[in-house]
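Ready for a short walk through a protein model? Take a moment to look it over, then work through the exercises at your own pace.

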Amino acid sequence: YEFCKISAGGSLCSALQINRGECDIAINWAGGLHHAKHSEASGFCYVNDIVLSILELLKYHKRVMYIDIDVHHGDGVEEAFYNTDRVMTVSFHRYGDFFPGTGSLKDIGLNIGKGYAVNVPFNEGVDDQMYKTMFQKIISRCNDNFGPDVIVLQSGTDSLAGDRLGCFNLSMEGHASCVKYLKTLNVPLI
């Protein structure tokens, strides 16, 4: 319970700082619990701090783009915003016989949210160059077409080479290149 309060509180505080214009970049080192659903815990996640921060951001911003570079699909966040055009979710993840088993290319949102869920499934072993190329091309297009007021990034480190849960082959530099690219967009970032 104490950790859930810290994680959720850090993400809410980050959103409040962005909303108040106190910073352009806010970081919650304890955040990123992207699997929790509205009524159930999932994948080590009990409270979805990301959903809470996006809901707070939507009080002041018309559009929020959520980007997930964890090796696992950001299913809880995608599910929360699957039926809206105010949040675009973009998840780069391993797909197939791998937890949580969601995030197909065909999962694109529903109703007015159709086209606002973007899934980029990879096979295991993806390396820095492939990941960076795909990330920059896809995020550039999403940014141009969606025009977010704020970006929320989940940068789970299980996409790094050698992670016991993950199966990608990204270096620290490859992972960091995603953050560096997002900073060039000049959009507030959590």
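Four exercises follow, each with a worked solution.

Before you start, note that this is a predicted model, in which local features need pLDDT of at least 70, side-chain atom pairs count only at pLDDT 80 or more, and totals for chains, interfaces and linings use all residues. Residues are numbered from 1 along each chain as its sequence is written, and side-chain values use heavy atoms, with hydrogens and water left out.

**Exercise 1. Explore the largest pocket.**

Task: Find the volume of the largest pocket and describe its lining.

Solution.
- Step 1: Start with the idea that rolling a probe the size of a water molecule over the atoms shows where empty space is left. On a 1 Å grid over the protein atoms alone, with a 1.4 Å probe, a pocket is an open set of points with protein on both sides within 12 Å along at least five of seven lines, and lining residues have an atom within 4 Å of a point.
- Step 2: The largest pocket has a volume of about 930 Å³, where volume is the space filled by probe spheres set on the points.
- Step 3: Its lining has 38 residues, and N28, G31, Q154, S155 and G156 lie nearest the centre.
- Step 4: Two or more lining residues come from each of helix 1 (2–19), helix 2 (49–57), strand 4 (150–154) and helix 5 (172–184). Helices (H or I, at least four residues) and strands (E, at least two) are DSSP runs, numbered from the N terminus.
- Step 5: Helix 5 contributes the most, with 5 residues.
- Step 6: Sorted by class, the lining has 20 nonpolar, 14 polar and 4 charged residues. Here Ala, Val, Leu, Ile, Met, Phe, Trp, Tyr, Cys and Pro count as nonpolar, Asp, Glu, Lys and Arg as charged, and the others, Gly among them, as polar.

**Exercise 2. Find the two sides of helix 5.**

Task: Work out which residues of helix 5 are buried and what they pack against.

Solution.
- Step 1: Helix 5 has 13 residues and reaches 19 Å from its first C-alpha to its last, close to the 18 Å expected (1.5 Å times one less than the number of residues).
- Step 2: G174, H175, S177, C178, Y181 and L182 are buried (under 20% relative accessible area; exposed is over 50%, with a 1.4 Å probe and protein chains only).
- Step 3: Seen down the axis, these buried residues fall within an arc of 150 degrees, so they line one face of helix 5. The arc is that of the directions from the helix axis to the C-beta atoms.
- Step 4: On the other side, M172, E173, K180 and T184 are exposed.
- Step 5: The buried residues pack against strand 1 (64–68), helix 4 and strand 4.

**Exercise 3. Look at two asparagines.**

Task: Where are N111 and N186 found, and are they buried or exposed?

Solution.
- Step 1: Most residues other than glycine have a negative phi.
- Step 2: N111 has a positive phi of about 55 degrees, and is found in the loop between strand 2 (87–94) and strand 3 (117–122).
- Step 3: N111 counts as exposed because its relative accessibility is 64%.
- Step 4: N186 also has a positive phi of about 55 degrees, in the segment after helix 5.
- Step 5: N186 counts as exposed, at 70% relative accessibility.

**Exercise 4. Place F92.**

Task: Find which residues F92 is in contact with.

Solution.
- Step 1: F92 lies in strand 2.
- Step 2: F92 is buried, with a relative accessible area of 0%.
- Step 3: Leaving aside neighbours within four places in sequence, the contacts of F92 (heavy atoms within 4.5 Å) include I67, D68, V120, F122, Y131 and M134.
- Step 4: F92 and V120 are 28 residues apart along the chain, yet their C-alpha atoms are separated by 4.7 Å.
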